[in-house]
Amino acid sequence: GTHVAGIAGAAHGRGRGIDGIVPDARLDLIPVQIDDVLHGLEAGVSGRESQHTMLFVTAVKDLVEYLENNPLKDGAKRVINISLGFNWRTLSNEQDLAKDFANGDLVGQHKKSVVISFASMLQQWLKPFEENTLFVIAAGNDSEGLDPPLHAKWSSPFSYLGLEPSQTFQRAPNFIVVEAVNREGRRTVFSNGGGQVSAPGVDIMSTIGGRASNYAICDGTSQAAPHVTALAAILMELAPDKTPAEIVELITKSAIPDPSGQDPGRKTAPRVDALEAVLMAEPKLLTALADLNADGTVDDADLDLFKRHQVAMTSVFKSTLGSYFYDHNDNGQVEDNEHWYPRIDLNGSGRIDVSDQKMGCLNGKPVSDLDVMKKAWSTQNPRPFNQVASALGLSQATAVPTASIVASTKRQQCKW
């Protein structure tokens, strides 16, 4: 829980640590009581699966109690991160797990009935919060060694409520289920499949209790979910009039589909694209993105900064220094705290793109970082973008990709 909370909202301080995605967020932490489990032990309930079920019941009860006792003001919204599940993997070996959920198997039918029954109760309990609360659900970590992976809807009643497309069961539109991807952007071997989106879930650094350093690296769909939780909170702030269901739609529509051609049961869920989602929510933020000197407009001074950063980065790659330093505050000195990731990666590609051969995506189209500057160029500027770019040695060719390059790059970059 501490690790999950840190991913969403940790704040760097005292010269060490990490920033979460929304370090200024308000976090309400909902403790899960174990009284029911202890009572079950007293009554002779010793089976692991039964104990898991009882603990899950308690978690749901505590969640509903929190929601009922902490009403929101009119117009306010919140995001609930659900990084918990039945953890079937810990209760079965991989052969049994694959068999358990096969149609016709009595053990599997029992597990399915538990999930569906819980989901039916959740549907009734959580319906009153549909207009002001968004639930982000971890897809579960049951699938290592399984091909195809276990469908996420069987990992918990929350996932079932968010994923089940049935005429007899109404899916919750304010739920979003998150798979975990690795550093290559592929679903991890442990992540269940069938989620709506995917997010980073391998080698994630965050806060943790019980360690001398208070920080640790963990893996899991539990780590993927808070990435989406934090993004949802950002989108709710940018678009306060949108309902939780509409925020879910923003996140899913802006995500990048898996182009692998695999059958649906093996595909990775579309990977979240935070930049794309934010610009879909508020297109005017394109100006803030390209406004490098933060004076409220994108003009000659910003393009000059762009050029200076590009030169600094080019010098780094041509030397053995291997580190990027820049005099951000223009005081004539480069202090240790001015070692930052380059501010001019405007298209989210992870590099500095001034060529139409290397592009990221923005608004569903391949663009270079220089293209972003051009798109955000102030209409009040008496000097056109092309003129200023040319004077700085940034040729027009690098800012306007040809149709052939767009066609080929869009397939490679905007799809994954």
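**Reading the nonpolar core and its aromatic rings**

Q: Let's start with one ring: is Phe-175 buried or exposed in this predicted model?
A: Buried is the call when relative accessible area is under 20%. Phe-175 has a value of 1%, so it counts as buried.

Q: Which residues sit with it at the heart of the largest nonpolar core?
A: In soluble globular proteins, nonpolar side chains tend to be buried together. Here the largest nonpolar core has 34 residues, and Leu-67, Leu-126, Phe-135, Phe-158 and Phe-175 touch the most other members. Elements giving at least two residues each to this core include α3 (48–69), α5 (106–126) and β3 (175–181). There's another core apart from this one, with 27 residues, among them Ala-138 and Ile-251.

Q: What does Phe-135 contact once neighbours within four places in sequence are set aside?
A: Its partners are Leu-63, Leu-67, Ile-80, Ile-82, Leu-126, Asn-174, Phe-175 and Ile-176.

Q: How many aromatic pairs turn up?
A: The count is 10. Take Phe-158 and Phe-175: they're stacked, with centres 6.5 Å apart and 20° between the planes. Phe-158 belongs to helix α6 and Phe-175 to strand β3, 17 residues apart, so the pair ties together distant parts of the chain. Phe-158 is buried as well, because its relative accessible area is 1%. For an edge-to-face case, try Trp-377 and Phe-385, at 5.4 Å and 80°; both are buried.

Q: Which nonpolar residues form a patch on the surface?
A: Look at Val-32, Ile-34, Leu-38, Leu-41 and Leu-55, which together have about 400 Å² of accessible area. Val-32 lies in the loop between α1 (2–9) and α2 (35–42), and its 38% relative accessibility is why it counts as partly exposed.

Technical notes:
Residues are numbered from 1 along each chain as its sequence is written. This is a predicted model: local features need pLDDT of at least 70, side-chain atom pairs count only at pLDDT 80 or more; totals for chains, interfaces and linings use all residues. Side-chain values use heavy atoms; hydrogens and water are left out. A nonpolar core is a set of buried Ala, Val, Leu, Ile, Met, Phe, Trp, Tyr and Cys residues joined through side-chain atoms within 4.5 Å. Buried means under 20% relative accessible area, exposed over 50%, partly exposed in between (1.4 Å probe, protein chains only). Helices (H or I, at least four residues) and strands (E, at least two) are DSSP runs, numbered from the N terminus. Contact means heavy atoms within 4.5 Å. Patches are made of residues with over 30% relative accessible area and no salt bridge: like charges are joined within 9 Å, nonpolar side chains (Val, Leu, Ile, Met, Phe, Trp, Tyr) within 5 Å. Accessible areas come from the Shrake-Rupley method with a 1.4 Å probe; for residues, only the protein chains shown count as cover. A salt bridge is a side-chain nitrogen of Lys or Arg within 4 Å of a carboxyl oxygen of Asp or Glu. Rings of Phe, Tyr and Trp (its six-membered ring) pair if their centres lie within 6.5 Å; planes under 30 degrees apart count as stacked, over 60 as edge-to-face and the rest as tilted.
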